[in-house]
Amino acid sequence: MPKMGFIRSFLTHSLYRRADSIDNMSRMNTHALSRLNTRLTDAEKVEVISNVKAVVEVVGSQIDVAVYALKLDAHRASNCDSKSNGQNIVAIVRKGVIKTVMLRRDNQPPTRTALRVDKVIKMA
C-alpha cells in the first residue's frame, strides 16, 4: 500500500491541474481542497475523489451535481467556521470543478433545490 504522503502529494498535484488538462474531472478550487484537508482523512479523500470522478465521467462536466461520495460510520463535526457536521460527505461539482466538500446530516434533504444543483447522485 502506498504511503499517505505520496497520496497527498499526488492528490495535490492532480487537483490543481488547469482546465486544459486531459483529466479535467479532478479539478478542484482552493476552497474545496481546504475543506477536504480540514474534514477528511487521507483515505477518505481518496475515496471521495474517486467517487466524484466516476460520477462526472457518467453525467458529464456540463451540469452542476451534488455527489454523496462517502457515508461515515459516525456523526462528525468539522473544526471550521461553517460548523458543518453530519455522516455524509457531499461534494458540489459545478461544470466539472469541485467547488466545495461538506458534511451533511441524514435529516437534511438531499434534493436538487436544497443543494442548488441539477442532479443529486448518491454513491455511498
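Author: Two residues are in contact here if they have heavy atoms within 4.5 Å of each other. Among contacts in the protein between residues at least 6 apart in sequence, 55% join residues at least 24 apart. The model is predicted: local features need pLDDT of at least 70, side-chain atom pairs count only at pLDDT 80 or more, and totals for chains, interfaces and linings use all residues. Residues are numbered from 1 along each chain as its sequence is written, and side-chain values use heavy atoms, with hydrogens and water left out.

Reader: What makes a stretch of the protein a helix or a strand, and how many of each are there?

Author: Both are DSSP runs numbered from the N terminus, H or I over at least four residues for a helix and E over at least two for a strand. The protein has 4 helices and 4 strands, and along the sequence they follow α-α-α-β-β-β-α-β.

Reader: Why are α2 and α3 called oblique to each other?

Author: The axes of α2 (residues 30-39) and α3 (residues 42-59) cross at roughly 140 degrees and come within 9 Å. Axes are lines fitted to C-alpha atoms, for helices over the stretch in contact, with angles from 0 to 180 degrees between N-to-C directions. Under 35 degrees counts as roughly parallel, over 145 as roughly antiparallel, 65 to 115 as roughly perpendicular, and the rest as oblique. The pair is therefore oblique. The crossing of α2 past α3 is right-handed, a term for a near helix turned clockwise from the far one by less than a right angle (anticlockwise would be left-handed).

Reader: Which residues of α2 and α3 meet?

Author: Leu36, Asn37 and Arg39 in α2 meet Glu44, Lys45, Val48 and Ile49 in α3. These contact residues divide into 3 nonpolar, 1 polar and 3 charged. Nonpolar covers Ala, Val, Leu, Ile, Met, Phe, Trp, Tyr, Cys and Pro; charged covers Asp, Glu, Lys and Arg; the others, Gly among them, are polar.

Reader: How do you know whether Val52 is buried or exposed?

Author: Buried means under 20% relative accessible area, exposed over 50%, and partly exposed in between (1.4 Å probe, protein chains only). Val52, in helix α3, has 1%, so Val52 is buried. Not counting residues up to four places away in sequence, Val52 touches Val67, Ala69, Ala91, Val93 and Ile98.

Reader: Glu44 has a charged side chain; what makes Glu44 buried or exposed?

Author: Glu44, also a residue of α3, has a relative accessible area of 14% and is therefore buried. With the four nearest places in sequence on either side left out, Glu44 touches Arg39, Leu70, Leu72 and Arg76. Across the protein, buried residues make up 46% of the 124 residues.

Reader: Where is Pro109, and why is Pro109 called partly exposed?

Author: Pro109 is found in the loop between β3 (97-104) and α4 (112-115). At 44%, Pro109 falls between the two limits, so Pro109 is partly exposed. Residues touched by Pro109, beyond four places away in sequence, are Tyr68, Arg104 and Ala114.

Reader: What is notable about the phi of Lys95 and of Arg116?

Author: Most residues other than glycine have a negative phi. Lys95 has a positive phi of about 50 degrees, and Arg116 has one of about 55 degrees. Lys95 is in the loop between β2 (85-94) and β3, and is partly exposed at 42%. Arg116 is in the loop between α4 and β4 (119-122); its 65% makes Arg116 exposed.
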